[in-house]
Structure formats: C-alpha cells, structure tokens
Amino acid sequence: MMDGYNKIQTMTEEAFDVVVVGSCMTDLVSQAPRLPKAGETIHGHKFFIGFGGKGANQCIQAARMGAKTAMVCKVGKDFFGENYIQNFKDNGVSTEFVGQTADAATGAASIVVNDAGENAIVIVAGANLLLGGEDLQQALPALSHAKVLVSQLEVSPDTSLQALRLAQENNVKTIFNPAPAIPDLDPDFYRASVVFCCNESEAELLTGVAVATVEDAGHAGQELLRRGCRSVIITLGSQGCVVLSGQEPSTGLHHVPAKPVTAVDTTGAGDSFIGALAFYMATFPTMPLQEMVSRANQVAGVSVQKIGTQASYPYKKDLPNNLFSRQQLAN
Ligand SMILES: Nc1ncnc2c1ncn2[C@@H]1O[C@H](COP(=O)(O)OP(=O)(O)O)[C@@H](O)[C@H]1O
Ligand SMILES: *[C@@H]1O[C@H](CO)[C@@H](O)[C@H](O)[C@H]1NC(C)=O
C-alpha cells in the first residue's frame, strides 16, 4: 500500500489518456514483378520504409485523434530505433518509456509484394521480445494512472498479461487485442480485459468456431464471454463488427455495420479501429460501447481509403466534427 508521501508524489504525475504496451516494427517494403525463388536475386521497381507494429499503430491512431498517449516498448540501439522514436515524437506520443537495447535489433518486417498484390513477409520481432517486467515497473507511474491501457501479442505474452494485470489492479480500463492469435492463449487473458477485441480469423483460432458471417461472430463472441471476457468486439472488415457484453445477456449482441466506402488498402485497419476505440474509452468514459464502436468503424473506414498503414491514419482535422461530439449520433 502507498504511504502518504508516495500518494502526493504520484498524484502530481501527469495522467495519460492512453498507454499502449506493445510492439514497434519497421516495414521494409520492396515491390517486384514476382516473388524471388530460393537463391534467386531479382530487381524490383520500388522500395519504401514504413512504420508498423500493432502496438505503435494503435498508439499513433489514438494520438492523432487527440489522446494524450505514451508508448511502452523496446527498440534497438540502431538507426531504425532512433527513427522510430522520432516518429513517435512527430505524432505527439510520449517516448519516456521507450527503451533502447544493444542486445537486439529494432523489430523489422521485410516484405516483398508482387504485381498481383501477393506478398512474402519475414518478421524479426527482435527488441520487442526483450520488453519485460522491469520495463513495466519503470512505466508503472504512467500505467497505473492511465485512463486506458491497450496491449496485443507482438511482445512476449507474459509481458502483455502482466501489463493487463497491473492496469486491472489500479482500476485502469483495459483493451486486449489477441493479435497475432496464439492457439494456447493463457485463460487469464480473458478475465484481464474490459474489452477483448479481435478480428474474424483470431476469433476463429481462439474459439474453434468458424467465423464467416455476423451470426458466426455472435457464436464465437458468446464463447469468449463464457471464458470470462466482460465485453467482446469482433471486427468483420467491410461488415463492421459485432459487440457483445456480459452484463446484458438478453440484449447483449449487436451488429454495428460499417458505412460503405471505397477501400484501397485495408492494411492496419484493425489497429486504426482499436486506437480510435481507446481514444473514445478514455475521452468519453460513459458513452455506450456500441456508440464508441460505431465511431471507431468510421475512423477505420477513413483509413482504408488511403494506401499505407500509419500513413493512412486520419488526424482529428481529417474527421467529421460529430465524431468528437458528446452527443450520441443518430444511426
Ligand atoms: N472495406 C472496408 N470498408 C469499410 N470499413 C472497413 C473495411 N475494412 C475494414 N474496415 C473497418 O476496419 C475495421 C477493422 O477491419 P478488419 O479487416 O476486421 O481488421 P484487421 O485489420 O485486423 O483485419 C472494421 O471493423 C471496419 O470498421
Ligand atoms: C486478422 O489479423 C491477423 C493479424 O493478427 C491477420 O494476419 C489476418 O489476416 C486478419 N484477418 C482478417 C480476416 O482480416
């Protein structure tokens, strides 16, 4: 328990709206006519570097909507690490809890895309896997006073679970995104999140329920509720998502459709959705979850209309004013 002195000290810490414990990855993307075979060297026609990693993506979407954010992550003592830290600063994300290690390289995804749009990807999580309990302890003042904590599975699952538990002990709302999904997920994850948010394939892998329709998603969601989740969101691409809440069993299942848009690149749409949701949970804590989800659908729907991952994420100025209004929007 805290003594009086500590209490005064911690009360003077500035509280963050959203703290993300998660991954940073540098995407190294080459476009080529086809994918190379083993031992082969081919020439491509375009190369670019992008900022990715589910944790960082979600944090940056929340920051662009105006949330006061901090990222708890680990990068290498290398060029990509420095570059990523600058990217956080450029987006107004606090880097106080971004660690740099000499023991591994900044996480990287080497991606080759062919002219048919197919890809081959090698991910080296590197420094992300060195984020651990000590880093969480260092970030504890921020973590324990945050309005919302978000975590995923691109860092060590032990670290993600520990972050969720620390948040829970401090009455911080949590969003857990089990991505990429692992089949033998520790059952404590289901109980450690206020909102459990995944996509169709993740829901399917975790529950064994094949998810192709809204109805299927409802069944998978009910299974996740049985496992101890308080609220479940399953995103369904252009179909929006389904929301289930444990507290209201009779009326607890809602399909929240997405508005039709012309999608050009859906990479990172799920992360845009979760970043937006975190913003709403922190900024409008009493808003019904369905309303937040409907707005998060609209934010992610803007992101799919542009190419790129973070490059496609809208800022507050790019979004309709009513998405920031306290009043519930008519649907
Ligand atoms: N084609 C689309 N049209 C409109 N909204 C979309 C589209 N694709 C994705 N979205 C929005 O992005 C959210 C996440 O997309 P989804 O494909 O389910 O996630 P992931 O990126 O994890 O695969 C959806 O719930 C929806 O709000
Ligand atoms: C769900 O997210 C995973 C990443 O965790 C991705 O590989 C997969 O393609 C996504 N599934 C759908 C249906 O969008």
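**Ligand shells, salt bridges and paired strands**

Colleague: What distance separates an oxygen atom of ligand 1 from an N or O atom in the side chain of asparagine 199?
Modeller: Please keep in mind that this is a predicted model. Ligand 1 is surrounded by 16 residues, and the closest of them are Thr235, Gly237, Gly240, Gly270 and Asn297. Asparagine 199 also offers a polar contact from its side chain, in which an N or O atom and an oxygen atom of ligand 1 are separated by 3.0 Å.

Colleague: What percentage of the area that ligand 1 exposes when taken alone does the protein bury?
Modeller: Other contacts of ligand 1 include one with glycine 270, where a polar backbone atom is 2.9 Å from an oxygen atom of the ligand. Asparagine 297 instead uses a polar side-chain atom, which lies 2.6 Å from an oxygen atom of ligand 1. On its own, ligand 1 exposes 560 Å², and the share of this that the protein buries is 83%.

Colleague: Which elements give two or more residues to the shell around ligand 1?
Modeller: Two helices meet that condition, one covering residues 269–283 and the other covering residues 289–303. In the numbering of the elements, these are α9 and α10.

Colleague: Is glutamate 291 buried or exposed?
Modeller: This residue lies in helix α10, and its side chain makes a polar contact of 2.9 Å with the side chain of arginine 295. Its relative accessibility is 3%, and a residue under 20% is counted in the category that applies here. Glutamate 291 is therefore buried.

Colleague: How much of the accessible area that ligand 2 has on its own does the protein cover?
Modeller: The residues around ligand 2 are Lys54, Ala179, Pro180, Asn199, Glu200, Ser201 and Glu202. Some of them make polar contacts: an N or O atom in the side chain of serine 201 is 2.6 Å from a nitrogen atom of the ligand, while for glutamate 202 the side chain comes to 2.5 Å from an oxygen atom of the ligand. Out of the 360 Å² that ligand 2 has when alone, the protein covers 47%.

Colleague: Which helix gives the largest share of the shell around ligand 2?
Modeller: By class, this shell has 2 nonpolar, 2 polar and 3 charged residues. The largest share amounts to 3 residues and comes from the helix that spans residues 200–207, which is α7.

Colleague: How many residues apart in sequence are the parts that aspartate 135 and lysine 74 tie together?
Modeller: These two side chains form a salt bridge with an N to O distance of 3.1 Å. Aspartate 135 belongs to helix α4 (residues 133–145), whereas lysine 74 belongs to strand β4 (residues 69–76), so the pair links two separate elements. Both residues are buried, and the parts they tie together are apart in sequence by 61 residues.

Colleague: Which residues are linked with Arg191 in a network of salt bridges?
Modeller: Arginine 191 and aspartate 188 form a salt bridge at 2.8 Å, N to O. Being 3 residues apart in helix α6 (residues 188–191), they are separated by about one helical turn. Arginine 191 is partly exposed at 45% relative accessibility, and aspartate 188 is also partly exposed, at 25%. The network holds Arg191 together with Asp188 and Arg165.

Colleague: How many salt bridges does the structure hold?
Modeller: Side chains of opposite charge can pair when their charged atoms come close. One of the pairs is arginine 34 with glutamate 40, whose closest N and O atoms are 2.6 Å apart. Here arginine 34 is partly exposed at 35% relative accessibility, as is glutamate 40 at 29%. In the structure, the total number of salt bridges is 9.

Colleague: Which residue takes a positive phi in the hairpin of β6 and β7?
Modeller: Strand β6 (residues 108–113) pairs in the parallel sense with strand β2 (residues 25–31) over 6 bridges, and serine 30 stands opposite valine 112 there. Strand β6 is also joined by 6 bridges to strand β7 (residues 119–124), this time antiparallel, with isoleucine 111 opposite isoleucine 121. Between the strands of the hairpin are 5 residues, and the one with a positive phi, near 85°, is glycine 117.

Terms used. Residues numbered from 1 in each chain as written. Chains lettered and ligands numbered in written order. Predicted model: local features only at pLDDT ≥ 70, side-chain atom pairs only at ≥ 80, totals over all residues. Heavy atoms only, no water. Salt bridge = Lys/Arg side-chain N within 4 Å of Asp/Glu carboxyl O. Buried < 20%, exposed > 50% of the residue type's maximum accessible area, 1.4 Å probe, protein only. Helix = DSSP H or I, 4+ residues; strand = E, 2+ residues; numbered from the N terminus. Near = heavy atom within 4 Å. Polar contact = N/O pair within 3.5 Å; in protein donor to acceptor, adjacent residues only side chain to side chain. Areas by Shrake-Rupley, 256 points an atom, 1.4 Å probe, with all protein chains shown as cover. Nonpolar A, V, L, I, M, F, W, Y, C, P; charged D, E, K, R; others polar. Pairing = 2+ DSSP bridges.
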